[in-house]
Amino acid sequence: MPRHLTSLYDLTPDELQALLATAADLKSKYKAGDRPQLLPGRVLAQLFEKPSLRTRNSFEAAIVNLGGSGIFLTTAEAGLNGRESLKDVATVLSSFSDVITMRTFSQQLIDQFAKFSSCPVINALSDERHPCQALTDLLTIQETRGELQGAHLVFVGDGNNVAMSLAIAAAMTDMKFTLAVPSGYEMPADFLSDLTTRYPKADVHQVSDPKQAVASADFVYTDVWASMGQEEEQKLREKAFAEYQVNSAVMQQANKDALFMHCLPAHRGEEVTADVIDATDSVVWDEAENRLHAQKALLEFLMAKK
């Protein structure tokens with residue numbers, strides 16, 4: 001059976017640490033002009049319901065860097081618009097491919113697709129999880145701080161797919177994770193129950209006051225208030241999150257050497273001010289570049305296990 005990455009739960013903590021070490025090594029080699037051809041001739045198929053800048057291009061660049069090639073399919077092109085059954089699409093596409101990434105609205109779609117696929121399936125974003133973003137964030141924290149253990153990561157905003165994946169990442173790496181969130185937008189109770197069952201020592205918290213939350217933060221993180229598929233909620237969310245903007249006043253409450261993080265795209269003037277995201281203590285662009293290196297490590301790991 002192939003190994004999949006539908007969630008970070010598909011990895012053990014040791015595997016996660018090994019992935020990060022491989023990513024750091026591949027990044028070092030890349031900076032020195034060395035691109036090891038670890039996956040020559042391998043084919044990556046990308047199946048996306050949602051548009052993407054970083055996810056699509058970083059995965060395609062990653063497979064090319066490793067000696068393989070990529071194919072991109074929309075939902076209609078793949079037949080997931082009702083033209084074919086999910087099982088048929090998964091069976092056929094996986095017979096042509098060595099690995100498949102999926103960026104979808106539904107986590108359930110990815111989970112079901114993986115059951116029928118004969119090659120590894122990677123969750124490149126769903127409504128519930130964004131494990132690839134969490135991988136690049138861990139790589140960024142590790143290379144800027146030196147180690148993950150003991151770091152305090154504070155997410156200011158919605159208890160969304162990114163926040164939940166970061167909570168899992170923190171639990172797996174002995175980090176502290178705090179979500180500063182307005183009432184009604186917290187991480188689901190069943191998610192938190194499952195997380196603490198899997199990782200009883202998880203240091204994960206939710207609070208309502210963003211300035212209180214960041215008081216001991218090493219990293220302050222935020223995301224857009226309304227993600228793709230939530231456009232009709234934009235005005236409602238702007239009102240709910242008005243006090244959750246990451247600005248200079250919030251950053252001043254954090255540790256003096258705290259760094260700012262964002263998964264992008266960013267809406268300057270909404271969830272973050274321009275002076276924060278464009279400051280020298282912002283590592284947003286490192287995060288974006290690290291998608292390439294974290295995903296090279298992930299592709300090599302999953303296909304080596306195939």
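Q: How do I read burial here, and what is the relative accessible area of Asp25?
A: Asp25 has a relative accessible area of 38%, so Asp25 is partly exposed. Buried means under 20%, exposed means over 50%, and partly exposed lies in between, with a 1.4 Å probe and protein chains only. Keep in mind that this is a predicted model: local features need pLDDT of at least 70, side-chain atom pairs count only at pLDDT 80 or more, and totals for chains, interfaces and linings use all residues. Residues are numbered from 1 along each chain as its sequence is written, and side-chain values use heavy atoms, with hydrogens and water left out.

Q: Which residue forms a salt bridge with Asp25?
A: Start with the general idea. Side chains of opposite charge can pair when their charged atoms come close. The cut-off for a salt bridge is a side-chain nitrogen of Lys or Arg within 4 Å of a carboxyl oxygen of Asp or Glu. Here the partner of Asp25 is Lys29, with the closest N and O atoms 2.6 Å apart. Lys29 is partly exposed, at 27% relative accessible area.

Q: Where do Lys29 and Asp25 lie?
A: First, the naming. Helices (H or I, at least four residues) and strands (E, at least two) are DSSP runs, numbered from the N terminus. Both Lys29 and Asp25 sit in helix H1, residues 13–31. They are four residues apart, about one turn of the helix.

Q: How many salt bridges does a search of the whole structure find?
A: The search finds ten. One of them pairs Arg268 with Asp278, whose closest N and O atoms are 2.9 Å apart. Arg268 lies in the loop between strand E9 (259–262) and helix H12 (274–277), and Asp278 in the loop between H12 and helix H13 (284–304), so the pair ties together parts that are ten residues apart in sequence. Arg268 is partly exposed at 40%. Asp278 is partly exposed at 46%.

Q: Which residues do salt bridges with shared partners join into one network?
A: The network consists of Asp158, Glu233 and Arg237. Within it, Glu233 bridges to Arg237, the closest N and O atoms being 2.9 Å apart. Glu233 is partly exposed, with a relative accessible area of 27%. Arg237 is buried, at 5%.

Q: What span should helix H6 have, and how far apart are its end C-alpha atoms?
A: The expected span of a helix is 1.5 Å times one less than its number of residues. H6 covers residues 131–145, 15 in number, so it should span 21 Å. Its end C-alpha atoms are 21 Å apart, which agrees. Just after H6, Gly146 takes a positive phi of about 100 degrees.

Q: How many residues of H6 are buried?
A: Twelve of the 15 are, so H6 is largely enclosed by the rest of the structure. Among them are Pro131, Cys132, Leu138 and Gln142.

Q: Which residues is Val181 in contact with, leaving aside its neighbours within four places in sequence?
A: Contact means heavy atoms within 4.5 Å. For Val181 the partners are Gly157, Asp158, Gly159, Glu186, Gln206, Val207, Ser208 and Tyr244. Val181 lies in the loop between strand E6 (176–180) and helix H8 (189–198). Val181 is buried, at 3%. Its C-alpha atom is 9.6 Å from that of Ala213, 32 residues apart along the chain.

Q: Which residues does Asn65 touch, not counting those up to four places away in sequence?
A: Asn65 touches Tyr30, Arg35, Pro36, Gln37, Leu292 and Lys296. Asn65 is in helix H2, residues 54–65. At 7% relative accessibility, Asn65 counts as buried.
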